[in-house]
Amino acid sequence: MSELLISTDGPVARVTLNRPKQLNALNLQLMQELVAALEAFDADEAIRVIVLAGSERAFAAGADVHDMAGSTVVEQVQRNQFARWERIRRIRKPIIAAVSGFCLGGGCELAMHCDLIIASETAQFGQPEINLGVMPGAGGTQRLTRAVGKAAAMDVILTGRFLTAQEALAAGVVSRVVPKEHFLSEAMKVARQIAEKAPLAVRFAKEAVLKAHETPLSEGLEYERKLFYLLFATEDQKEGMKAFIEKRSPTFRGA
Ligand code: CO8
């Protein structure tokens, strides 16, 4: 049985983690299916944006502890599970995490792999690995620190305390907080908005923002400038600017 629910709504794909009894704990099968689904949508020209959701009670309560409890260093190294996470990092289309309830450990790291996080007011974010005698392993120490700064990251990672949705918003982890009944519809609404934009401009903009994490400012600015110039080779740039001047809505074709 699949650990995911998958659907599409026009240019928006929705992938829902579906292990409700385990609060969507990320086991090996789920991660394998998730990477396959994301890569398939990334390659599908009809899809422009992906929404990744959990349930109202939990986005994901972390990596599945049962998968790891008896593991040895050698098994961990041989399993090389982080190769899958690297593949998620390389998805080029925008991914929006729709988060409600628990978003912990590997679940929080998965949300932080996404490009935007739309959170329900009930969402709780944390890296409680320290309580299990380990530490974040899928980018938590790096992405959380870049998002919230050293002081707040140390607090969350060393104490294992959870951030409320509002705290996470104030700290810069999430993009928007909405009432719990709207977290999914808001994520789908934002996805549809992005799906209407010029796809190449969206792709390059995502690439440039992510580059900001990895390069000094001067190099990042140079990179951004080149992508900006490159967009003048697209028909969508001509259409977008012409439509503005003609006071009408543009029709973007991804060319
Ligand atoms: N793994 C496996 N099962 C889990 C997990 C998990 N991470 N989280 C919850 N569950 C299961 C529980 O065991 C329980 O199952 P059962 O009913 O069979 O006993 C069911 O989900 C419901 O959970 P609770 O009864 O505990 O529900 P509560 O509402 O009382 O508590 C909590 C909810 C606070 C979320 C609690 O379940 C909890 O603390 N969970 C563990 C959170 C955690 O420590 N997460 C970090 C895991 S380690 C990690 O993520 C490392 C990432 C490394 C990189 C990623 C590699 C893939």
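Which polar backbone atom is 3.0 Å from a nitrogen atom of the ligand? I looked this up and found that the atom belongs to V65, counting as a polar contact any pair of N or O atoms within 3.5 Å.

Before going on, I noted that this is a predicted model, in which local features need pLDDT of at least 70 and side-chain atom pairs count only at pLDDT 80 or more, while totals for chains, interfaces and linings use all residues. I also noted that residues are numbered from 1 along each chain as its sequence is written, and that side-chain values use heavy atoms, with hydrogens and water left out.

I then turned to oxygen atoms of the ligand, and found one that lies 2.9 Å from an N or O atom in the side chain of R57, and one that lies 3.3 Å from a backbone N or O atom of K21. The protein covers 65% of the 1,100 Å² of accessible area (Shrake-Rupley method, 1.4 Å probe) that the ligand has on its own.

Next I looked at the shell, taking residues with a heavy atom within 4 Å of the ligand. I found that 25 residues surround the ligand, the closest being R57, A61, A63, V65 and G106. By class, 13 are nonpolar, seven polar and five charged, with Gly counted among the polar ones.

For the elements, I used DSSP runs (helices H or I of at least four residues, strands E of at least two). I saw that α2 (65-68), α4 (82-89), β6 (102-104) and α5 (106-113) each supply at least two residues of the shell, and that α2 gives the most, with three residues.

Terms used. Polar contact = N/O pair within 3.5 Å; in protein donor to acceptor, adjacent residues only side chain to side chain.
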